[in-house]
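Got your viewer open? Let's take a short walk through some charged side chains, one selection at a time.

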Amino acid sequence: MEIVIAEKGAFYFEPIITPQEARGRASAHKVSAFGALSRLFSRPKEDDIVVTDEGLLYLPLWHAKAHLRFLYDRSETYKVPIKTPHVAAVTVSGDRYAVKAASIDLPVREHCERDEQRELWLDALNNQPANAQPYLKAPSIPVDLAEFAPEGAKVVAPTVRASAVIRALLGEDFRPADADEIREESVNVECIDLYLRPAFNFKFEWAAKKKTADVAVDAVTGELQTQPSAAMAAVAKLLKPETLFDIGAVTLNIIVPGGAIPLKVAKALAEKRKA
């Protein structure tokens, strides 16, 4: 089998909502950000909770697509009903088959063709599938990860690398397990792209209870994320493409079962995708 991988891509989204809009949305939910704590004790007043830190983050999101094609053969036995009464045996292509319970067991060779497309959007921090629908309509801008350092913002480094994304995309059993003989197999990873999505992060403090909580507002969709975030701990000065895009023949043969697999980085695929 040969796996063809398109050249890597990196893009970012510019904020659509303003910092003021984000602050307003976050402030409207600052009490609920403390969850059960605000219900166990007397509900805090609005003035009891204040913003102690805020800023723009760029959070990583992976997008990968693959085209899989397999031509293979497998052996099977068909149970063929015999409608005519009193038939004791049937000859097929010179081979004689006894009739049992009004049917014969006919051994056949099945010639199979499996052709499928796969696509995955993956949160590069928690390794969970992401809903990309809100971003599909937003314009994305190509970026050099090694130089991406937007003023007044922090870039969060992915904890999930490209090799893990490809493994999640293909799965453990992407090859036909029931094949007796595989005549042709190809896997074209048509894109493996890292997107950086903006989010305004606000840290709220409930001084009376000595508690803090994070509220993030997606700067493209305006959606809230109130669960505690470890994103600030992963802030990187600059991203390292050679580490994030850890796709090579050695790595690939570790993450994809099946022994030694030839690897190609297909410039033609990449150019076609960009066009």
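Which residue forms a salt bridge with Arg197? Select Arg197 and Asp218: their closest N and O atoms sit 3.1 Å apart. Keep in mind that this is a predicted model. Colour the strands and you'll see that the pair links distant parts of the chain, with Arg197 in strand S9 and Asp218 in strand S10 (residues 211–218), 21 residues apart. Now switch on a surface. Arg197 is buried, at 13% relative accessible area, and Asp218 is buried too, at 8%.

Next, pick Arg109, in strand S6 (residues 103–123). What does it pair with? Try Glu181 first: the two form a salt bridge, and the closest N and O atoms are 3.4 Å apart. This is another link between distant parts of the chain, joining strand S9 to strand S6 across 72 residues.

Then add Asp180 to the selection. Asp180 also forms a salt bridge with Arg109, with 3.8 Å between the closest N and O atoms. Asp180 lies in the loop between helix H4 (162–170) and strand S9 (181–206), 71 residues from Arg109.

Bring the surface back for this trio. Arg109 counts as partly exposed at 37% relative accessibility, Glu181 is partly exposed at 40%, and Asp180 is partly exposed at 48%.

For the last stop, select Arg69, Glu113, Asp115 and Glu184 together: salt bridges that share partners join them into one network. If you'd like to keep exploring, the count for the model comes to 15 salt bridges.

Key. Residues are numbered from 1 along each chain as its sequence is written. This is a predicted model: local features need pLDDT of at least 70, side-chain atom pairs count only at pLDDT 80 or more; totals for chains, interfaces and linings use all residues. Side-chain values use heavy atoms; hydrogens and water are left out. A salt bridge is a side-chain nitrogen of Lys or Arg within 4 Å of a carboxyl oxygen of Asp or Glu. Helices (H or I, at least four residues) and strands (E, at least two) are DSSP runs, numbered from the N terminus. Buried means under 20% relative accessible area, exposed over 50%, partly exposed in between (1.4 Å probe, protein chains only).
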